[in-house]
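The following report describes selected helices, strands and contacts of one model, to be read with the sequence and the coordinates at hand.

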Amino acid sequence: MIESKTIIKVGIADMNIVKTPDIIRTSGLGSCVGVVIYDQTREVAGLAHVMLPDSSLAKSGVLNIAKYADTAIKDLVSKLIRHGARANFLKAKIAGGAQMFQFSSGNDMMRIGPRNVEAVKLELAALNIAIVAADVGGNSGRTIEFNPQNCILHIRTVNKGIQEL
Amino acid sequence: MSFIEKISSIHLDILKEIGNIGAGHAATALSKLLNKKIDMKVPNVQIVSFDEMMNMAGGAENVVAGVFLRIEGEAPGSMFFVLPVEQATSFIREMIGDESFSLESPPYSEIGLSALQELGNILSGSYLSSLSDFTNLSLYPSVPALSIDMVGAIISYGLIELSHVSDYAIVIDTALNEDEDENTEYVKGHFFLLPDPDSFQIIFKSLGVPHND
């Protein structure tokens, strides 16, 4: 049987769900964090491209839930459950949160990468989801791709090539 | 109501003129520095989603040399000077007179990176000082930071301030070309000016244009 494989692309401050045989990808993670949550036996996974740590930072307008670590992860979990994943079997892999530029002035905005990572870890811990693998920090951009069938996360960086988690 | 919905076409025209004046000065500076003719396109002012902004610079995964600086002072914002890697390499080679310099893989030569940083510094400095003269606002650039990486990773940094308020950015984009190959569509460099949300009103006010509340 020939399976047609589609790559589902997730943009910045966006999220989506993937099922075997498709794979899911997000490109150009800098200070943003890519959060993959999956149920291995059901072969279903979700990916969120988180941009900011906390939805309380939002100043106006309609809240884009995929943008903030706290709201995105909660919503991703409930989406996954609607797609057949079981809450107790959820695991997570995360990547991103780099410090792209070094500045001497210690502005809090410039530390957004590490703050995003902290917020993601906190939220996953609150929901009792174990982080199986993480590639965070550093100072290079990442493109990540997740296959829900074997649950391998491919991480590509400009200088280090492809890494598997 | 989001700040973007209050922007009218007159406002966009003003921003276009800002891009025109700023990048015009920067292009002159670049031309003097490299002793070459530099061609500038008419600035493009667009209200775009974050993903569209990545596409303006060649897609989130495209590898570029990006010089980023924060604008501090009365109208804060972020500014990028984005160059394709090949172009950055050839600019650096010309500046330091070393034909063997390459940005293919690290470690990069220290002097080459420093030259590129200085290039970014001179260009954005001339952009900002003309902008400052035009608006009568005091604007200071931070020390420029340099990164050679994916567009998405670089640009998203400048979107953080905006992303607290909106899912869209107002981008003032000016493309630069070398004069010799004016027939090619290939864009050599981009200036992106991303004023912080609160800065728009300050800029418009300084130019005597009411910002409808």
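In helix H2 of chain A of this predicted model, the buried residues are Ile112(A), Gly113(A), Asn116(A), Val117(A), Ala119(A), Val120(A), Glu123(A) and Leu124(A). Viewed along the axis of H2(A), these buried residues fall within an arc of 165 degrees, so they line one face of the helix. An α-helix has 3.6 residues a turn, so residues three or four places apart point the same way. On the other side of H2(A), Ala125(A) and Ala126(A) are exposed. The cover over the buried residues of H2(A) includes strands E4 (33-39), E5 (44-50), E6 (91-96) and E7 (130-136) and helix H1 (69-82) of chain A, together with helix H5 (151-163) of chain B. Directly after H2(A) comes Asn128(A), which takes a positive phi of about 60 degrees.

The lengths of two helices can be set against the span expected at 1.5 Å a residue, as in the table below.

| Helix | Residues in helix | Expected span | Distance between end C-alpha atoms |
|---|---|---|---|
| H2(A) | 15 residues | 21 Å | 21 Å |
| H1(B) | 26 residues | 38 Å | 36 Å |

For H2(A) the distance agrees with the expected span, and for H1(B) the end-to-end distance of 36 Å is likewise in agreement with the expected 38 Å.

The sheet on which H2(A) rests is an open one of five strands in chain A, with the order E2-E5-E4-E6-E7 and mixed pairing. Strand E2 (15-19) and E7 of chain A stand at its edges with a single partner strand each, so one side of each is left without a neighbour in the sheet. From one strand to the next, the twist averages 15 degrees. E6(A) and E7(A) run parallel and are joined by six bridges, and within this part of the sheet Ala92(A) stands opposite Ile131(A) in E7(A). H1(A) packs on the sheet by touching E2, E4 and E5 of chain A, and its direction makes about 165 degrees with that of E5(A). H2(A) also packs on the sheet, touching E4, E5, E6 and E7 of chain A, with a direction that makes about 20 degrees with that of E4(A).

Chain A has another open sheet of five strands, in which the order is E1-E3-E8-E9-E10 and the pairing is again mixed. Its edges are formed by strand E1 (7-10) and strand E10 (161-164) of chain A, each with a single partner strand, so one side of each is left without a neighbour in the sheet. Neighbouring strands of this sheet are turned by 20 degrees against each other on average, direction ignored. Strand E9 (residues 152-157) of chain A pairs with E10(A) in the antiparallel sense over four bridges, and Ile155(A) stands opposite Gln163(A) in E10(A).

Where the two chains meet, 31 residues of chain A are in contact with 29 residues of chain B. Strand E3 (residues 23-29) of chain A gives the largest share of the side of chain A that touches chain B, namely three residues. By class, that side of chain A has 15 nonpolar, 14 polar and two charged residues.

In chain B, helix H6 (residues 199-206) has Phe200(B), Ile203(B) and Phe204(B) as its buried residues. Seen down the axis of H6(B), they fall within an arc of 95 degrees, so they line one face of the helix. These buried residues pack against helix H1 (9-34), helix H4 (110-135) and strand E8 (189-195) of chain B. H6(B) is followed by Gly208(B), which has a positive phi near 75 degrees, while Asn35(B), just after H1(B), takes a positive phi of about 55 degrees.

Strand E8 of chain B has seven of its seven residues buried, so it is largely enclosed by the rest of the structure. Gly189(B), Phe191(B), Leu193(B) and Pro195(B) point one way from E8(B), whereas His190(B), Phe192(B) and Leu194(B) point the other way. Strand E4 (residues 77-84) of chain B pairs with E8(B) in the antiparallel sense over six bridges, with Val82(B) opposite His190(B) in E8(B).

How many other C-beta atoms lie within 10 Å of Leu193(B)? There are 26, and Leu193(B) is buried because a residue counts as buried if 20 or more lie within that distance. Leaving aside neighbours within four places in sequence, Leu193(B) is in contact with Gly19(B), Gly22(B), Gly77(B), Met79(B) and Ile172(B). Of these, Gly19(B) and Gly22(B) are among the buried residues of H1(B). The C-alpha atoms of Leu193(B) and Val45(B) are separated by 9.7 Å, although the two are 148 residues apart along the chain.

Note on methods. Residues are numbered from 1 along each chain as its sequence is written. Chains are lettered from A and ligands numbered from 1 in the order in which they are written. This is a predicted model: local features need pLDDT of at least 70, side-chain atom pairs count only at pLDDT 80 or more; totals for chains, interfaces and linings use all residues. Helices (H or I, at least four residues) and strands (E, at least two) are DSSP runs, numbered from the N terminus. The expected span of a helix is 1.5 Å times one less than its number of residues. A residue is buried if 20 or more other C-beta atoms lie within 10 Å of its own, exposed if 12 or fewer, and partly exposed in between; C-beta atoms are placed from the backbone. The arc is that of the directions from the helix axis to the C-beta atoms. Two residues are in contact if their C-beta atoms, placed from the backbone, lie within 7 Å. Ala, Val, Leu, Ile, Met, Phe, Trp, Tyr, Cys and Pro count as nonpolar, Asp, Glu, Lys and Arg as charged, and the others, Gly among them, as polar. Two strands pair if DSSP finds at least two bridges between them. Axes are lines fitted to C-alpha atoms, for helices over the stretch in contact, and angles run from 0 to 180 degrees between N-to-C directions.
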